[in-house]
Amino acid sequence: MTTYLLHGGGTSKDSTENDHFFAQFTELVEKPEVKILLCYWSRNPNEWGKLQVRDTTKILKNTSKKVTFHVVKDAADLFAQIDSADTLFVAGGDAELLEPFYKDLTALKSKLDGKVYAGSSMGAF
């Protein structure tokens with residue numbers, strides 16, 4: 001079964017609600033080490049590095065587990081990494097940037113079995 005964490009947006013703000021959201025990326029995984037895939041397709045690629053720093057900082061602040069991260073570049077990269085991942089985080093942004101990937105993601109639901117899917121704003125859609 002997939003566990004879905006859906007967030008309305010505004011994850012860049014410092015708040016107890018956001019801390020709780022990011023904490024669940026690892027709390028819901030019953031392992032001491034967690035691999036998290038970060039998907040920023042709904043944002044311009046030149047923003048991905050900044051977003052990765054922002055989000056990994058928030059995740060690590062809210063866990064005591066060992067965490068590894070991988071930013072997925074495209075659908076092929078996602079499917080190459082998903083079997084070894086525990087959590088997939090799809091960040092929000094612009095629908096126009098994310099929608100072209102939809103056609104390549106038809107098999108994603110079955111690959112998420114036993115994993116945590118965390119989506120914020122457009123990523124929760």
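The paragraphs below lead from the overall fold of this predicted model to one of its helices.

Reading the chain from its start, one meets the elements in the order β-α-β-α-β-α-β-α-α-β, and altogether the secondary structure comes to five helices and five strands. Among the contacts between residues at least 6 apart in sequence, 81% join residues that are at least 24 apart.

The overall dimensions can be considered next. The C-alpha trace spans about 35 × 30 × 20 Å along its principal axes. A compact globule of 125 residues would have a radius of gyration near 14 Å, and because the chain has 13 Å, its value agrees with that expectation. Of the 125 residues, 48% are buried, that is, they have under 20% relative accessible area. The chain exposes about 6700 Å², of which 54% is supplied by carbon and sulfur atoms. The chain also carries 15 positive and 17 negative charges, and the mean positions of these two groups lie 3 Å apart.

Helix α1 offers a closer view of how one element sits within the chain. This helix covers residues 16–27, twelve residues in total, and from its first C-alpha to its last it reaches 16 Å, close to the 16 Å expected at 1.5 Å a residue. Its buried residues are Asn18, Phe21, Phe22, Ala23, Gln24, Phe25 and Thr26. These buried residues of α1 pack against the strands β1 (3–7), β2 (33–39), β3 (66–71), β4 (87–90) and β5 (116–120), and also against the helix α2 (48–61).

Conventions:
Residues numbered from 1 in each chain as written. Predicted model: local features only at pLDDT ≥ 70, side-chain atom pairs only at ≥ 80, totals over all residues. Heavy atoms only, no water. Helix = DSSP H or I, 4+ residues; strand = E, 2+ residues; numbered from the N terminus. Rg over C-alpha atoms; globule rule 2.2 N^0.38 Å. Buried < 20%, exposed > 50% of the residue type's maximum accessible area, 1.4 Å probe, protein only. Contact = heavy atoms within 4.5 Å. Areas by Shrake-Rupley, 256 points an atom, 1.4 Å probe, with all protein chains shown as cover. Lys, Arg positive; Asp, Glu negative; His and termini not counted. Charge placed at Lys NZ, Arg CZ, Asp CG, Glu CD. Expected span 1.5 Å × (residues − 1).
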